Amino acid sequence: MFPSFVFPLLLLFSFYDMPSDAQKKKETLLSEKVGQMMEWASKRSIIKLNGDKFRRFVKAPPRNYSVVIMFTALQPQRQCGVCKQADEEFHILANSWRYSSAFTNKVFFASVDFDEGSDVFQMLSMNSAPTFLHFPAKGKQRKTDNYELQVRGFAAEQLARWVADRTDVHIRVIRPPNYAGPLLLGFLLAVIGGLAYLRRHNLEFLFNKNVWAFSALCFVLIMTSGQMWNHIRGPPYAHKNPNTGQVSYIHGSSQAQFVAETHIVLLFNGAVTMGMVLLCEAATSDMDIGKRKILCVAGIGLVMLFFSWLLSIFRAKYHGYPYSFLMS
C-alpha cells in the first residue's frame with residue numbers, strides 16, 4: 001500500500017497539470033486558426049468572411065493577429081459606386097502587404113459583404129458601407145479602430161497610415177502602373193505643338209488676352225473648388241446609404257468633402273464668374289442699348305442665383321453659418 005501522503009500529492013499534481021492541458025489546447029487552436037488564415041491569404045490578399053468565419057476567426061479567442069476588415073456592399077443591386085472605388089484601393093493596400101518581403105501573420109486583410117454577412121452588420125450595429133474596422137490582436141477595440149472614411153478618404157496611402165498607427169505595421173503602397181496621365185499629357189502637348197506648327201507664320205493668338213484670361217480663370221476655378229484636396233485625400237465621389245438608398249453629394253461636415261461636391265462648387269463658381277463677365281461686357285461694350293440690357297439682366301440673374309446656392313452649401317456644411325441670400 002502507498003503511504004497516505006502520496007494521494008494528496010497525486011491529486012495536487014493532477015490539478016497542476018490541468019492548466020497545461022488547457023494551454024496546449026489553446027495553442028493548438030490558435031495554430032490552426034493562424035494556419036487557416038495564412039492559407040487563405042496565400043490564395044487571395046483579401047480574405048472573404050461570412051458570419052460564421054467572422055465569429056470564429058475574428059471575434060472568438062484565442063487570436064494573436066490583427067484583422068483589418070472592409071465592410072462593403074458590392075452586389076450590383078446595391079448600386080454602391082463608392083464601395084467599388086474603395087474596394088479597388090483596399091485591394092492595392094492588401095496586395096502591397098501580401099507581396100512585400102515584410103509579410104507576416106501579424107495582420108490580415110479581410111472583407112465582409114452585406115449580402116453574404118448581413119448578420120455581421122447587425123451584430124456590429126452597422127448601417128452604412130463602405131466601413132473599415134480594425135480588430136486588434138489584444139484588448140478591446142478603441143474609437144480609433146474605426147477608420148474615419150469621410151474625413152480621410154479611402155486612398156490606399158491613407159489606409160496604410162491608419163494601419164501603421166493601429167498595428168505598427170508599415171506598408172509601402174505599390175500601385176500598378178497607370179499610363180493614362182502621361183499619355184493624356186503627351187497628347188495635349190502634341191496638339192498644342194501641332195497647332196503652333198500650323199500657325200507658325202501667324203502666332204498672334206499667343207498674345208490674345210482673351211485666351212490667357214480664359215486659361216487663367218479655368219485654372220483658378222479648378223484650384224479653388226477643392227480638386228487638390230481630392231488628389232491628396234482621395235475622398236469618395238458621393239455617399240449612398242445602403243439602407244435607404246439615399247445618395248449624398250454634399251458632405252455634412254466642414255472637415256471633409258465629396259468629389260461630386262467639388263464639381264458642384266466648380267460649376268457654381270463658374271456661373272458666378274460668367275455673370276460678372278456679362279455685367280462687365282454690358283457696362284463697357286459698344287453694342288446697342290437693348291443687347292446691353294439683356295447682358296445686364298442675364299449677368300445679375302447668374303450672380304444672384306448661383307451665389308445664393310453657394311451660400312446654401314456653406315450653411316449645410318458650416319452649421320450655424322449666419323448668412324443666406326434668396327434661399328435659406
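About 20,900 Å² of this protein is exposed, and carbon and sulfur atoms supply 62% of that area. Keep in mind as you look around that this is a predicted model. Of the 328 residues in the protein, 35% are buried. The fold is built with 11 helices and 6 strands. If you take the contacts between residues at least 6 apart in sequence, 65% of them join residues at least 24 apart.

Let's stay on the surface for a moment. Leu184, Phe187, Val191, Leu195, Tyr197 and Leu198 make a nonpolar patch of about 680 Å². To find it, go to helix α7, which covers residues 180–198 and holds Phe187. Is Phe187 buried or exposed? Its relative accessibility is 56%, so Phe187 counts as exposed, the cut-off being over 50%.

Now step inside. The largest nonpolar core has 47 residues, and the ones that touch the most other members are Ile69, Phe71, Leu93, Phe109 and Phe132. Helix α3, residues 81–98, gives this core its largest share, 7 residues. Leu93 is a good place to pause: leaving aside residues up to four places away in sequence, Leu93 touches Phe109, Ala156, Leu159, Ala160, Val163, Ile171 and Val173. There is also a second, separate core of 7 residues, with Val265, Ala271, Val272 and Leu310 among them.

Next, have a look at strand β2, which spans residues 66–72 and includes Ser66. Ser66 has a relative accessibility of 8% and therefore counts as buried, since buried means under 20%. Which residues surround Ser66 in contact? Not counting residues up to four places away in sequence, Ser66 touches Lys106, Val107, Phe108, His134, Phe135, Pro136, Ala137 and Thr167. With Ala137 there is a polar detail to pick out as well: the Ser66 side chain reaches the backbone nitrogen of Ala137 at 3.4 Å.

Our last stop is helix α10, residues 259–284, where you will find Cys280. Cys280 counts as partly exposed because its relative accessibility is 47%, which lies between the 20% and 50% limits. From here you can look across to Gly299: the two residues are 19 apart along the chain, and their C-alpha atoms are separated by 8.8 Å.

Definitions and conventions: Residues numbered from 1 in each chain as written. Predicted model: local features only at pLDDT ≥ 70, side-chain atom pairs only at ≥ 80, totals over all residues. Heavy atoms only, no water. Patch = residues over 30% accessible without salt bridge, like charges linked within 9 Å, V, L, I, M, F, W, Y side chains within 5 Å. Areas by Shrake-Rupley, 256 points an atom, 1.4 Å probe, with all protein chains shown as cover. Salt bridge = Lys/Arg side-chain N within 4 Å of Asp/Glu carboxyl O. Helix = DSSP H or I, 4+ residues; strand = E, 2+ residues; numbered from the N terminus. Buried < 20%, exposed > 50% of the residue type's maximum accessible area, 1.4 Å probe, protein only. Polar contact = N/O pair within 3.5 Å; in protein donor to acceptor, adjacent residues only side chain to side chain. Contact = heavy atoms within 4.5 Å. Core = buried A, V, L, I, M, F, W, Y, C linked by side-chain atoms within 4.5 Å.
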